[in-house]
Amino acid sequence: MCGIVAYIGKRDAYPILINGLKRLEYRGYDSAGVAMLNAQDELNVYKTKGKVSDLVSFASGKDTSGHIGIAHTRWATHGEPNDINAHPHLSRSGNLTLIHNGIIENYLTIKKELGKRGYKFKSSTDTEVLVNLIEDVQITQKVDLFEATRIALNHVNGAYAIALIEKGHPDTIIAARKGSPMVIGIGESEFFIASDATPIVGMTSQVVYIENEEVVKVKLGEDLKLKTIDDVEMTPYIQELQLNLESIEKGGFEHFMLKEIYEQPTTVRDTMRGRLHADLGKITLGGIFDYEKKILHARNIIIVACGTSWHAAIVGSYLIELYAGIRVKVEYASEFRYRNPVIFPDDVVIAISQSGETADTLAAIEIAKEKGATVLGICNVIGSSISRVTDAGIYTHAGPEIGVASTKAFTAQVAVLTMLAIHLAELNGHLPKSRIMELIHELDLIPEKIQTTLERSALVKDIAEEMKDCHNAIYLGRLQNFPVALEGALKLKEISYIHAEGYPAAEMKHGPIALIDKDMPVIFIATNKSTYEKVVSNVQEVKARHGKIISVVTEGDVLVKEMSDYVIEIPDTECTYAPLLATIPLQLLAYYIAVKRGCNVDQPRNLAKSVTVE
Ligand code: AGP
């Protein structure tokens with residue numbers, strides 16, 4: 001939700017800001033803006049509805065000079081996406097300009113107060129209210145911008161990652177965060193500020209992650225000055241950035257999503273590297289080593305997540321119950337946070353999140369922590385908020401996921417959860433050693449089998465051609481393939497805007513079957529061995545109603561294949577590992593349908609990569 005970048009140093013700010021915005025565009029892309037302070041102490045603010053490329057056209061030929069600047073790419077929360085609501089926003093005097101990612105929940109109250117004192121607002125945003133509040137504090141309390149920002153932030157509720165620059169101060173940027181992420185890159189006589197590290201890659205490898213409710217003063221010639229909004233001085237913790245340029249570029253693929261789909265043999269291998277020891281028949285999960293006993297003796301294990309991560313959680317819950325015999329509940333983080341859940345200090349809550357910044361998941365963690373539970377994280381983004389607020393965790397190591405539709409992060413999450421389930425069974429002896437060995441051996445083969453699945457998915461383009469004009473689709477699967485059905489449907493909805501639903505296959509006759517006619521594509525994930533016959537019956541029921549049958553089956557399948565209009569075969573594996581393979585053709589199907597419909601695959605409408613607001 002919105003990306004922010006700021007720069008101060010010896011180079012021209014504008015190209016660095018634009019390049020940074022392009023890398024952050026996955027976070028929001030309905031409008032963009034930039035502000036630079038030039039050598040004459042003039043603040044040049046350019047902003048426009050549309051993408052970063054529209055901003056570049058808009059600013060072309062104008063004065064973009066200056067060695068200090070801030071920039072923003074927006075995902076609208078308050079006020080429609082238009083030029084006026086785009087960031088940066090100026091204060092009443094025109095001396096301050098601010099960019100903001102997040103939501104100021106009490107902005108209407110503040111706006112009213114400022115209104116009484118003669119402040120007028122041009123936009124409908126909470127951000128314009130905030131910049132004026134900061135200016136008001138600066139003027140009325142006669143303090144500098146650093147102090148004014150700190151004081152003003154004590155009056156706001158909500159989430160923010162902000163950066164401000166001020167006329168007359170070409171050497172200083174003030175920034176702060178709560179809820180929304182922020183990282184500062186420290187170069188040689190230069191600083192970078194951004195929502196995540198992608199704009200900083202290639203510029204410097206020294207970074208500081210700003211914590212919640214911290215305000216920072218970045219001044220050339222001085223060390224970073226960090227304070228909490230309660231006025232407590234903090235020491236910045238400088239870390240080495242673990243991200244390279246190659247991993248955030250498209251590498252010859254037309255879209256990030258396609259690149260990320262094709263990366264999965266490698267990313268799943270990376271997820272298992274150093275953890276799955278096929279030769280020893282052993283799994284080690286160093287990140288949670290100290291918490292293993294707590295997990296095994298937990299009164300309840302509750303997984304909280306949103307969207308695709310929630311689908312991975314369902315796969316994980318099935319596997320942990322099946323392999324380790326431990327009951328696991330899965331909850332939408334957004335529901336969990338508000339329903340006053342019963343949590344005990346001996347519960348273990350596992351939060352799953354690709355970005356590690358999802359607001360609902362963070363709030364669910366806070367609640368679990370307040371109630372004394374142990375909280376573990378399964379995150380992809382190293383150094384993200386969730387990875388920092390949890391007691392311990394397991395990184396998925398899938399590398400940066402730029403496409404808004406999650407693909408490789410899902411398979412990495414499932415791989416982590418599969419290892420966790422086997423490891424718990426190893427620890428509590430719920431499965432015999434020989435079975436554990438079999439499971440580990442087969443899991444080790446999964447990256448190769450993902451590669452084979454990708455190679456066998458050529459037919460997906462034909463299916464995409466057949467489905468591209470449909471208005472609805474149903475995805476059906478049983479057991480571990482039920483979350484695969486949900487994930488397949490979510491992918492199609494997100495990027496092609498075709499209405500799609502996923503169900504456990506047996507639920508079809510309880511309602512959805514009424515929808516089936518010759519125009520309804522029904523995608524079966526029919527790989528489970530134990531429920532295979534049941535799914536065959538479901539396929540027959542759809543066929544009898546002339547639905548179009550597309551199925552994902554295990555190689556060598558006969559029955560479902562005969563009844564299907566289109567079939568995609570995946571390699572044979574443990575039936576519980578099917579999600580790691582069967583998801584791949586569904587990702588590709590959604591991708592090719594979206595491309596054929598002319599949709600913006602990497603930046604689908606109304607979405608943003610990390611949902612840092614409620
Ligand atoms: C997935 O394709 C979606 N973009 C979305 O559902 C996502 O999985 C969800 O917002 C959760 O994000 P997180 O994993 O970063 O917490």
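How many of the five residues of strand E27 are buried? I put this down as my opening entry and worked outward from there. The model is a predicted one.

**Strand E27.** I looked up residues 566-570, which make up E27, and found five of the five buried, so the strand is largely enclosed by the rest of the structure. I then checked its two faces, and both are covered. On one side I listed Tyr 566, Ile 568 and Ile 570, and on the other Val 567 and Glu 569. Next I looked for a pairing and noted that E27 runs parallel to strand E26 (residues 548-554), with five bridges between them. In E26, I looked at Val 552 and found Ile 568 of E27 opposite.

**Helices H1 and H2.** I turned to H1 (residues 13-24) and H2 (residues 52-59), which pack at about 155 degrees with axes 10 Å apart. An angle over 145 degrees counts as roughly antiparallel, and H1 and H2 are therefore roughly antiparallel to each other. From H1, I wrote down Tyr 14, Ile 18, Leu 21 and Lys 22 as making the contact; from H2, Val 52, Leu 55, Val 56 and Ala 59. I sorted this contact by class and got seven nonpolar residues, no polar ones and one charged.

**Ala 148.** I located Ala 148 in helix H5 (residues 145-153). Its relative accessibility is 0%, so I entered Ala 148 as buried. Setting aside neighbours within four places in sequence, I found Ala 148 in contact with Ile 134, Val 137, Gln 138 and Val 143. For Val 137, eleven residues away along the chain, I noted a C-alpha separation from Ala 148 of 5.4 Å.

How values were computed
Residues are numbered from 1 along each chain as its sequence is written. This is a predicted model: local features need pLDDT of at least 70, side-chain atom pairs count only at pLDDT 80 or more; totals for chains, interfaces and linings use all residues. Side-chain values use heavy atoms; hydrogens and water are left out. Axes are lines fitted to C-alpha atoms, for helices over the stretch in contact, and angles run from 0 to 180 degrees between N-to-C directions. Helices (H or I, at least four residues) and strands (E, at least two) are DSSP runs, numbered from the N terminus. Angles under 35 degrees count as roughly parallel, over 145 as roughly antiparallel, 65 to 115 as roughly perpendicular and the rest as oblique. Contact means heavy atoms within 4.5 Å. Ala, Val, Leu, Ile, Met, Phe, Trp, Tyr, Cys and Pro count as nonpolar, Asp, Glu, Lys and Arg as charged, and the others, Gly among them, as polar. Buried means under 20% relative accessible area, exposed over 50%, partly exposed in between (1.4 Å probe, protein chains only). Two strands pair if DSSP finds at least two bridges between them.
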